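Thanks for asking me to take a look at this one. My notes are below as numbered points, so you can follow along with the structure open.

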Amino acid sequence: MPAGGRLADEQWMRRALALAERAEREGHEVPVGAVVVAPDGTPVGEGWNRNIAEHDPSAHAEIVAMREAGRRLGNHRLVGCTLYVTLEPCAMCAMAMIHARIARVVFGAFDAKTGAAGSVFDLLADPRHNHRVEIRGGVLAEEAGRCLTNYFRRKRGKPLL
């Protein structure tokens with residue numbers, strides 16, 4: 001299914017949510033998942049947070065997915081691709097998307113602490129960059145937010161939502 005329509009955005013976000021669950025289940029990581037989809041609708045990269053397991057502060061879901069997409073496409077530029085991620089990208093991931101020339105980012109939950117797609121910073125739309133990324137936020141936001149909230153509630157021994 002090609003990236004871009006509302007139905008496709010929700011379908012790909014569901015895949016990203018499944019990857020987020022994998023992050024928590026397999027690595028006890030903060031549950032964030034990401035999928036990179038080529039312009040023709042083919043998934044070319046996916047990832048989930050691996051910071052803890054890989055001892056790598058840059059191993060955010062978006063970076064992991066873009067690395068895989070770059071390898072599969074044989075190019076560091078991901079022109080025309082859409083990146084789906086369950087949480088609003090941070091500044092590091094936003095800048096990596098700009099450098100990769102990602103066309104669109106679709107994210108689930110907004111991040112009021114470190115979000116760089118409009119919540120705290122608006123790096124993706126900054127006119128000083130030579131590339132701008134189209135942004136669609138809030139896709140399956142309630143589900144994505146609940147996944148993250150419950151992760152932190154479990155860590156603190158609190159009841160789940």
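1. Is R104 buried or exposed? Bear in mind that this is a predicted model. R104 has a relative accessibility of 10%, and the cut-off for buried is under 20%, so R104 counts as buried. Its strand gives the same picture: β4 (residues 104–109) is mostly covered, with six of its six residues buried.

2. What does the R104 side chain pair with? One partner is D9, through a salt bridge with an N to O distance of 2.9 Å. That pair links distant parts of the chain, since R104 is in strand β4 and D9 is in helix α1 (residues 6–27), 95 residues apart. D9 has 0% relative accessibility, so it counts as buried too. As a reminder, side chains of opposite charge can pair when their charged atoms come close.

3. D9 has another partner to look at. R136 forms a salt bridge with D9, and here the closest N and O atoms are 2.8 Å apart. This is again a link between distant parts of the chain: R136 sits in strand β5 (residues 134–136) and D9 in helix α1, with their positions 127 residues apart in the numbering.

4. Go back to R104 and you'll find E134. Their side chains meet in a salt bridge at 3.5 Å, N to O. R104 lies in strand β4 and E134 in strand β5, so this pair ties together parts that are 30 residues apart in sequence. E134 has a relative accessibility of 48%, so it counts as partly exposed. Put the pairs together and D9, R104, E134 and R136 are linked in a network of salt bridges. For the whole model, the salt-bridge count comes to eleven.

5. Now the strands. β3 (residues 82–87) has six of six residues buried, so it is largely enclosed by the rest of the structure. Strand β1 (residues 33–37) is joined to β3 by four bridges, and the two run antiparallel. In that pairing, V37 stands opposite T82.

6. β3 also pairs with β4, this time in the parallel sense, over five bridges. T82 turns up again here, standing opposite R104 in β4. To get from β3 to β4 the chain passes through helix α4 (residues 91–100), and this β-α-β crossover is right-handed. Another pair to find across these strands is V85, which stands opposite F107 in β4.

7. β4 is joined to β5 as well, by three bridges, and these strands run parallel. The bridge partner of V106 in β5 is R136. That is the R136 whose salt bridge with D9 came up above.

8. Helix α1 is worth a look along its length. It has 22 residues and reaches 31 Å from its first C-alpha to its last, close to the 32 Å expected at 1.5 Å a residue. Its buried residues include W12, M13, L17 and L19, along with D9. The buried residues of α1 pack against β1, β2 (43–48), β3, β4, β5 and α5 (141–155). Just after the helix, H28 takes a positive phi of about 55 degrees.

9. Which residues of α4 are buried? They are C93, A94, M97, I98 and A100. The buried residues of this helix pack against α3 (61–73), β3 and β4. R101 follows α4 and has a positive phi, near 65 degrees.

10. Last, please check H131, in the loop between β4 and β5. With a relative accessible area of 16%, H131 is buried. Its side chain reaches the backbone oxygen of I102 at 2.7 Å. Leaving aside neighbours within four places in sequence, H131 is in contact with I98, R101, I102 and L124. Two of those names appeared under the previous point: I98 is among the buried residues of α4, and R101 is the residue with positive phi that follows α4.

Definitions and conventions: Residues numbered from 1 in each chain as written. Predicted model: local features only at pLDDT ≥ 70, side-chain atom pairs only at ≥ 80, totals over all residues. Heavy atoms only, no water. Buried < 20%, exposed > 50% of the residue type's maximum accessible area, 1.4 Å probe, protein only. Pairing = 2+ DSSP bridges. Right-handed = clockwise from strand over helix to strand, strands pointing away. Salt bridge = Lys/Arg side-chain N within 4 Å of Asp/Glu carboxyl O. Expected span 1.5 Å × (residues − 1). Contact = heavy atoms within 4.5 Å. Polar contact = N/O pair within 3.5 Å; in protein donor to acceptor, adjacent residues only side chain to side chain.
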